[in-house]
Amino acid sequence: MTDRLLATKESEKGYPLADTDCLFCRIAMGEIPADLVRSDPEVLAFRDINPQAPTHILIIPRRHIASVSEMTEGDAHLMGKLFLMAKDLAREEGISPGGYRMVVNAGSDAGQTVFHVHLHLLGGRGMGWPPG
Ligand code: 5GP
Ligand code: ZN
């Protein structure tokens, strides 16, 4: 099946078109397995493969946006959804009372390694400041 056909198949499900070369798009399309925590038509949450805290969840838009540096006014609602889902998951994971951290790395100096916007939700341990 060609990339174009895969993308068409996703759009028929009501999901936006994806970049089939992107790891997180492929997770969103179900091509690469992930430990899913929450899913809706616009936003997906799954556990980080290399957790840096007892709870480490990544929350992503299904639509491919490479970095927050590329976001526009039209993405404001979507980004709000990422934070609201993260807040709900923090409560469900039991890390809300103790406190938790949300992180978005933007660009290589910040440590961004996957160029599909993602919000890290980390908690379950004490954290230092400033981050490394
Ligand atoms: P970044 O450094 O770009 O902010 O974060 C990328 C995150 O994606 C890292 O924490 C890394 O462990 C995670 N990651 C990379 N590849 C995979 C994968 O295939 N599956 C999952 N679940 N997480 C991944
Ligand atoms: Zn992507």
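How many helices and how many strands does the secondary structure of the chain come to? Three helices and five strands. Keep in mind that this is a predicted model. Read along the sequence, the pattern is α-α-β-β-β-α-β-β.

Some totals for the chain. It has 132 residues, and 36% of them are buried. Now take contacts between residues at least 6 apart in sequence. Of those, 54% join residues at least 24 apart.

On to the metal. Ligand 2 is a zinc ion, and four residues coordinate it. Two are cysteines, C22 and C25, each through SG. Two are histidines, H64 and H116, each through ND1. The distances run from 2.0 to 2.3 Å. What is the geometry of the site of the zinc ion? Tetrahedral, with angles of 106 to 118° among the four donor atoms. For reference, the ideal angle for four tetrahedral donors is 109.5 degrees. In sequence, the spacing of the donors reads C-x2-C-x38-H-x51-H. Are C22 and C25 buried or exposed? Both are buried.

Next, a residue that touches two of those donors. D19 is found in the loop between α1, residues 3-12, and α2. D19 touches C25 and H64, leaving aside residues up to four places away in sequence. Take the pair D19 and H64. They are 45 residues apart along the chain, yet their C-alpha atoms are separated by 6.3 Å. Why does D19 count as partly exposed? Because its relative accessibility is 29%, and partly exposed covers the range between 20% and 50%.

Compare that with another aspartate, D75. This one lies in the loop between β3 and α3, and α3 spans 76-92. D75 counts as buried, because its relative accessibility is 5% and the cut-off for buried is under 20%. Which residues does D75 touch? R63, I65 and E70, again not counting residues up to four places away in sequence.

Now the pockets. The largest one has a volume of about 580 Å³. Its lining has 24 residues, and the closest to the centre are Q52, V103, N105, H120 and L122. Which elements give two or more residues to that lining? One helix, α2 (23-28), and three strands: β3 (55-61), β4 (100-103) and β5 (119-123). By class, the lining divides into nine nonpolar, 11 polar and four charged residues.

The second largest pocket holds about 150 Å³ of space. Here is its lining, in sequence order. L23, F24 and I27 come up, then I32, P33, A34 and D35. After those come F46, R47, D48, I49 and L58. Two elements give two or more residues to this lining, α2 and β2 (43-47). Which element gives the most? That is α2, with three residues.

How does the lining of the second largest pocket split by class? Nine nonpolar, no polar and three charged. Set that beside the largest pocket, where the lining has 11 polar residues. Each lining has nine nonpolar residues.

One link to take away. Helix α2 is among the elements that give two or more residues to the lining of the largest pocket, and α2 also gives the most to the lining of the second largest.

Terms used: Residues numbered from 1 in each chain as written. Chains lettered and ligands numbered in written order. Predicted model: local features only at pLDDT ≥ 70, side-chain atom pairs only at ≥ 80, totals over all residues. Heavy atoms only, no water. 1 Å grid on protein atoms, 1.4 Å probe; cavity = no way out; pocket = protein on both sides within 12 Å on 5 of 7 lines; lining within 4 Å. Points joined across faces, edges and corners; volume = space filled by probe spheres on them. Helix = DSSP H or I, 4+ residues; strand = E, 2+ residues; numbered from the N terminus. Nonpolar A, V, L, I, M, F, W, Y, C, P; charged D, E, K, R; others polar. Donors = N, O, S within 2.8 Å, 3.2 Å for Na, K, Ca; no water. Tetrahedral: all angles 85-135°; square planar, octahedral: opposite > 155°, others 65-115°. Buried < 20%, exposed > 50% of the residue type's maximum accessible area, 1.4 Å probe, protein only. Contact = heavy atoms within 4.5 Å.
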